[in-house]
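Me: I have a model open on my screen and would like a close look at a single part of it, the open sheet. Could you walk me through that part and then set it in the context of the whole chain?

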Amino acid sequence: MGSVTLKGSKVDLRGDAKPYLSFDLDGTLVDLAFTDLVWHRGIPELLARRAGMDLPQAQEAVLQEYRKVGDGALEWYDIAYWFGYLHLPGGWERLLEQYASQVRVYPEVHEVLSRLGERYSLIVLSNAAREFIEVEMREGGLAGYFDLVVSATSDFGLVKKSPEFYRKICDLLGVRPQQLIHVGDHWEFDYRIPRGMGIAAFHLNREGERAGPDVIQDLRSLPEVLEGGGYADRSGA
Ligand SMILES: [Mg+2]
C-alpha cells in the first residue's frame, strides 16, 4: 500500500493486501475515566487554585465555559486553548501526565486486537485531540497494533466524524468506502454516517440498549461477525 502523508509526516502502511479495519478510541478501546478526570477534575482543580474558588464552584464555572464553546467548535477539544483561556498554571502536558495512570483499556481489547491484526490492517479514527490520543495509546499499550492513527480534530480540523472526514480517510487509504470496516460506540458518528456512505460500520453498544445485525455488545464478538460477513479480503464485495 506504500505510505500516506498526514500532517506533513509520512506514515508507512504495511505493503500487504489486508483489508482496513478502523476503531474509534474513547468508549470503544479505552474507557472514559481518563478524559473525564482531565476535563472535569484536573482543569477545575487548577482553576480553583488559581482563582481561589472551592472545587464545586470551579467545576460549575468550567462547565459553563465548556457549554458556551460547545462540542461543535474546535476549541472544545483543544486543551492548550483551555489552559490559555482560563489562565491555568502548570501546563497541560503536566496535567495529562498527572492522570495518565488512569487510562484503562476495556478488558477484551488486547486479545481482540492481536487476533484481528493478523487479518486486518488496524487503524484508529478518533475525534479526540492528538495529545489525548498519544497518552491513551501509550498508557494503554495500544500503539503497536495500529498502522495509522488519525485525529479528526488535530489532523483535519474537523470536530466530528462527518461524511467529509470518512471521505478524506478513504482517499488517504486509497480505498472505496465499501473496502473500509469501522467500529465505534457513537451511534451517529461511528455507525449511521459511515454506514450511509457504504462503509461496513458496526455499532459497539456496551450497555446493550440496542440490538441488530450491525450491533455488538463487546469487541469479542467482532472476529466472528467479520468472518461471517465475508469481510476478510480487500475486495469489499
Ligand atoms: Mg467513542
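Reply: Happy to: here is the sheet, followed by the chain around it. Keep in mind as you look that this is a predicted model.

The part you ask about is an open sheet of 6 strands, and reading across it the order is 5-4-3-6-7-8, with parallel pairing. At its edges sit strand 5 (148–151) and strand 8 (215–216), each of which pairs on one side only. As a reminder, strands of a sheet pair through backbone hydrogen bonds, either parallel or antiparallel.

Let's zoom in on one edge. Strand 5 pairs with strand 4 (residues 121–126) in the parallel sense, over 4 bridges. For a concrete pair to find on your screen, look for S126, whose bridge partner in strand 5 is S151.

Now to the chain around the sheet. Its secondary structure comes to 10 helices and 8 strands. The radius of gyration is 19 Å, close to the 18 Å that the globule rule gives for 237 residues, so the chain is as compact as a globular protein of that length. Along its principal axes, the C-alpha trace spans about 60 × 40 × 30 Å.

The domain assignment splits the chain into domain 1 (3–31 + 105–228) and domain 2 (33–101). Between the C-alpha centres of domain 1 and domain 2 the distance is 27 Å. Where they touch, 12 residues of domain 1 are in contact with 12 residues of domain 2. On the domain 1 side of that contact, helix 6 (residues 130–139) gives the largest share, with 5 residues. The residues on this side of domain 1 divide into 5 nonpolar, 2 polar and 5 charged.

One helix makes a nice check with a ruler. Helix 2 (residues 55–69) has 15 residues and, at 1.5 Å a residue, should span 21 Å; its end C-alpha atoms are 21 Å apart, which agrees. Just after helix 2 comes G70, with a positive phi near 75°.

Finally, how far can you lean on the details? The mean pLDDT of the chain is 92, and 91% of its residues reach 70 or more. Among the elements of the chain, helix 1 (residues 33–51) has the highest mean pLDDT, 98, while strand 2 (residues 9–12) has the lowest, 60. Where pLDDT is low, the predicted coordinates should not be read in detail.

Note on methods. Residues numbered from 1 in each chain as written. Predicted model: local features only at pLDDT ≥ 70, side-chain atom pairs only at ≥ 80, totals over all residues. Helix = DSSP H or I, 4+ residues; strand = E, 2+ residues; numbered from the N terminus. Expected span 1.5 Å × (residues − 1). Pairing = 2+ DSSP bridges. pLDDT = per-residue confidence, 0-100. Domains from an automatic or database assignment. Contact = placed C-beta atoms within 7 Å. Nonpolar A, V, L, I, M, F, W, Y, C, P; charged D, E, K, R; others polar. Rg over C-alpha atoms; globule rule 2.2 N^0.38 Å.
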